[in-house]
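Let's take a walk through this model together, starting with the whole chain and ending with a few side chains worth zooming in on.

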Amino acid sequence: MDAIQQILTNPAYHDYLAILKGARNGFVYGVKVRFPHALVMSVLFGRGDWMTRLRVIYRATKQHALNLAKFVTLYKTFLLIQKKANGGKERSIDTFIAGVLGGYLVFGDRNAVNEQIVLYVVSRVIASFLPRASNPYSTSAQSSSAGSAVKPLPPDSRYFTIFAALSWGAVMWLFRHRGETIQPGMFNSMVYLYRDSEIWNDLRTLLWHNT
């Protein structure tokens, strides 16, 4: 155990062990994020018996968790390779290159889970171009960002209002006129909210459940 502890605390092995822990964290985070989402979506929109739905939940959770674990592993590995190739110094472009390679290898295969993850990421990238407010987000002492040197700044409220309005206007127009271009999970949610609410036969189907 002492030998293992020495390896774990040896700075010479830090970058390599960080890849291992990154894979672990990616897998755990993927399970935490995907399992409740898949469970709720299966209850609301799932088809078939419960065994079929459980298999869908398992497959989606497994894929999300493994893909995040793979991406973190590849990203950190490519960063380390570039750092070694540049005399132990990390360049600003290294993170972009590592992200491009990892994204291509892991998330380049178009499927439902990858599509949702990529759309989530791209929405954050686009939103990052909004002008920022002057004060950072308020965080609790237990927050993971509380002790970080970088404090994320929220969007300026004036620009965010315009961004929100245009986003909702655009997605509602797309839903009505070009629904085939909307990601399936969001499309199903919008059908439930806006189309299914147009149909009922009696008081029960008006207030209790859809027809």
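Start with burial: of the 211 residues in the chain, 20% are buried. Keep in mind that this is a predicted model. The accessible surface adds up to about 15600 Å², and carbon and sulfur atoms account for 64% of that.

Now zoom out to the fold. You'll count eight helices and zero strands, so from the N terminus on the elements simply read α-α-α-α-α-α-α-α. The radius of gyration is 22 Å, whereas the globule rule gives 17 Å for 211 residues, so the chain is more spread out than a compact globule. Along the principal axes, the C-alpha trace spans about 70 × 50 × 35 Å. Looking at contacts with a separation of 6 or more, 49% come from residues 24 or more positions apart.

Next, the aromatic rings. How many aromatic pairs does the structure hold? There are five. One of them joins Phe-71 and Phe-107, a tilted pair with 5.7 Å centre to centre and 50 degrees between the planes. This pair links distant parts of the chain: Phe-71 sits in helix H3 (residues 50–85) and Phe-107 in helix H4 (residues 92–107), 36 residues apart. Phe-107 has a relative accessible area of 14%, which is under the 20% cut-off, so this residue counts as buried. Bring in Tyr-75 as well, and you have one aromatic cluster made of Phe-71, Tyr-75 and Phe-107.

Another pair to find is Phe-175 with Tyr-194. The ring centres are 6.1 Å apart and the planes meet at 55 degrees, so this pair is tilted. Here too, distant parts of the chain are linked, with Phe-175 in helix H6 (residues 157–177), Tyr-194 in helix H7 (residues 184–195), and the two positions 19 residues apart. Is each partner buried or partly exposed? Phe-175 is buried, at a relative accessible area of 4%, whereas Tyr-194 is partly exposed, at 32%.

While you're at H7, have a look at the rest of that helix. Its buried residues are Gly-185, Met-190 and Val-191, and what covers them includes helix H2 (14–45) and H6. At the start of H7, Gln-183 reaches in with a side-chain oxygen, coming within 3.0 Å of the backbone nitrogen of Met-186.

One last stop is Trp-50. Arg-53 lies over the face of this ring, at 4.9 Å from the ring centre.

Conventions: Residues numbered from 1 in each chain as written. Predicted model: local features only at pLDDT ≥ 70, side-chain atom pairs only at ≥ 80, totals over all residues. Heavy atoms only, no water. Phe/Tyr/Trp six-rings, centres within 6.5 Å; stacked < 30°, edge-to-face > 60°. Helix = DSSP H or I, 4+ residues; strand = E, 2+ residues; numbered from the N terminus. Buried < 20%, exposed > 50% of the residue type's maximum accessible area, 1.4 Å probe, protein only. Lys NZ or Arg CZ within 6 Å of the ring centre and 35° of its normal. Contact = heavy atoms within 4.5 Å. Polar contact = N/O pair within 3.5 Å; in protein donor to acceptor, adjacent residues only side chain to side chain. Rg over C-alpha atoms; globule rule 2.2 N^0.38 Å. Areas by Shrake-Rupley, 256 points an atom, 1.4 Å probe, with all protein chains shown as cover.
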